[in-house]
Amino acid sequence: MQHHRQRAKSLQNILFILFLTCISGALWGQVERQGTIFENLKLPSANTTWQRLSSIQLITSLAVLSADSLEGRKTGSRGNLRAQQFLVRQFSAFGLQSFNGGFAQSFQFVPRSHRNYGSGNGQQSHTGINIIGYLPGQRNSELAILITAHYDHEGIRGGEIYNGANDNGSGVSAMLAAAGYFSNQLPDHTIIFAALDAEETGLNGARAFVRNPPFPLEKIALNINMDMISPAADSLLYISGTDHFPQLSKYVSAVSRASFLKVVQGHNSLDDLEDWTYSSDHAPFYYHGIPFLYLGVEDKAHYHKPTDTFENINQPFFLEASEVMLELLINLDRDLSRLHLQSGRQ
Ligand SMILES: [Zn+2]
């Protein structure tokens, strides 16, 4: 039985590599020619608690998104465009549907952060591109869960590539894996998958989504945002949001008990830790009263440094954190209508 399962899994892995090679086309060729990806692509032997997601898919997506050829995925850059092409091919391959005839949502923004961005002219308008798709709910397609993860990062600075493997190749890869999972087992409620741009310059992709929502905001019952779920070292996985939305706490407690990771609720006002309520893309949705859970880690060693690379991430942690997110998603999807009713938002 075990043996049979192993063989099925290897076959699945081989098929996935073939599939990815085909769909990624020119981009994959480019990445492969860098000569680093497959050599360094060691899969961890550690098993995850639920074993629902393909580890080869998770690791390969992360390797692609954090490859040097994507040049740190800075908004408006060539590398960012390559990331978009990869995401669109993945969304298409999983059979995701689009809202307006295409997955891309273009928007204008003025950078808000003080980080080194562009020419330094803070008033200059820039263009960002969100990549958004969805799978319709089988029981109730009018009510949705929105999964978000930003795919932009810092680009190249001082001649060094800021690969952004943890920040946030990790969250985007987990989101893609969830899309792959639900494309085979359609969800009860609609799931919207949004790879957001221009987070690093002030949550601009999330703000654009809220300004111009492709799905009615009052029918988005929940936002699950991932930003940095693959730290370098062993770490705590924080799930933030339950201080604001205590009705979600029991779902987090359940995954926390089951997982071998230390899954901790916090960083959202009721403890002494830094408050993360406004620190990533869930904030604009929270402003609109949409309940959120944010998954992330403290990463003091490599945060916004050129050392945030594929080679430096803790792979077993990343795989398990992705499974934690999926388990939450499955349980919340099952109860979504009731949760939304209780929230009084409809
Ligand atoms: Zn980030």
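This passage describes the fold, the core, the helix packing and some local backbone features of one protein. The model is predicted.

The protein contains nine helices and ten strands. Of its 346 residues, 48% count as buried. Contacts often link distant parts of the chain. Among contacts between residues at least 6 apart in sequence, 81% join residues at least 24 apart.

The largest nonpolar core has 87 residues. In soluble globular proteins, nonpolar side chains tend to be buried together. Six residues touch the most other members of this core: Ile145, Ile147, Met175, Ala178, Leu237 and Met325. Helix H9, residues 315-343, gives the most to the core, with ten residues. Ile147 shows how such contacts are spread along the sequence. Neighbours within four places are left aside here. Ile147 is then in contact with Met175, Ala178, Ile191, Ile192, Phe193, Ala194 and Ile224.

Ile191, one of these partners of Ile147, belongs to strand E6, residues 189-196. Ile191 counts as buried because 25 C-beta neighbours lie inside 10 Å. With neighbours within four places again left aside, Ile191 is in contact with Tyr134, Leu135, Ala144, Ile145, Ile147 and Phe182. Gly137 is 54 residues from Ile191 along the chain. Their C-alpha atoms are separated by 7.0 Å.

Helix packing was examined next. Two packed helices are described by the angle between their axes and the distance between the axes. Helix H9 takes part in both of the pairs described here. In one pair, H9 packs with helix H3, residues 55-65, at an angle of about 115°. The axes of H3 and H9 are 10 Å apart. The two helices are therefore roughly perpendicular to each other. Their crossing is right-handed. H3 makes the contact through Ser55, Leu58 and Ile59. H9 makes it through Gln315, Phe318, Leu319 and Ser322.

In the other pair, H9 meets helix H5. The axes of H5 and H9 come within 10 Å and cross at roughly 50°. H5 and H9 are therefore oblique to each other. H5 passes H9 in a right-handed crossing. On the H5 side, the contact is made by Ser170, Ala174, Ala177, Ala178 and Tyr181. On the H9 side, it is made by Phe318, Ser322, Met325, Leu326 and Leu329. Phe318 and Ser322 of H9 thus appear in the contact with H3 and in the contact with H5. Ala178 and Met325 are also among the core residues that touch the most other members.

H3 is mostly covered, as ten of its eleven residues are buried. The buried residues of H3 are Ser55, Gln57, Leu58, Ile59, Thr60, Ser61, Leu62, Ala63, Val64 and Leu65. This list includes Ser55, Leu58 and Ile59, which also form the H3 side of the contact with H9.

Helix H4 covers residues 78-93. At 1.5 Å a residue, its 16 residues should span 22 Å. The end C-alpha atoms of H4 are 23 Å apart, which agrees. The buried residues in H4 include Gly79, Asn80, Arg82, Ala83, Gln84, Phe86, Leu87, Val88, Gln90 and Phe91. Gln85 also has its place in H4. With 14 other C-beta atoms within 10 Å, Gln85 is partly exposed, because a buried residue needs 20 or more. Ile131 is 46 residues from Gln85 along the chain. The C-alpha atoms of these two residues are separated by 9.6 Å. H4 is followed by Gly95, whose phi is positive, near 75°.

Some backbone angles deserve a note. Glu71 lies in the loop between H3 and H4. Its phi is near 50°, a positive value in a residue other than glycine. Glu71 counts as buried because it has 20 C-beta neighbours inside 10 Å. Arg73 is found in the loop between H3 and H4 as well. Arg73 is not a glycine, yet its phi is positive, at about 55°. Arg73 counts as buried, with 30 C-beta neighbours inside 10 Å. A further feature concerns a peptide bond. The bond from Asp167 to Asn168 is cis, with omega near 0°. Asn168 lies in helix H5, residues 165-184.

Technical notes. Residues numbered from 1 in each chain as written. Predicted model: local features only at pLDDT ≥ 70, side-chain atom pairs only at ≥ 80, totals over all residues. Core = buried A, V, L, I, M, F, W, Y, C linked by C-beta atoms within 7 Å. Buried ≥ 20, exposed ≤ 12 C-beta atoms within 10 Å, placed from the backbone. Helix = DSSP H or I, 4+ residues; strand = E, 2+ residues; numbered from the N terminus. Contact = placed C-beta atoms within 7 Å. Expected span 1.5 Å × (residues − 1). Axes fitted to C-alpha atoms, helices over the stretch in contact; angles between N-to-C directions. Parallel < 35°, antiparallel > 145°, perpendicular 65-115°, else oblique. Left-handed = near helix turned anticlockwise from the far one by under 90°.
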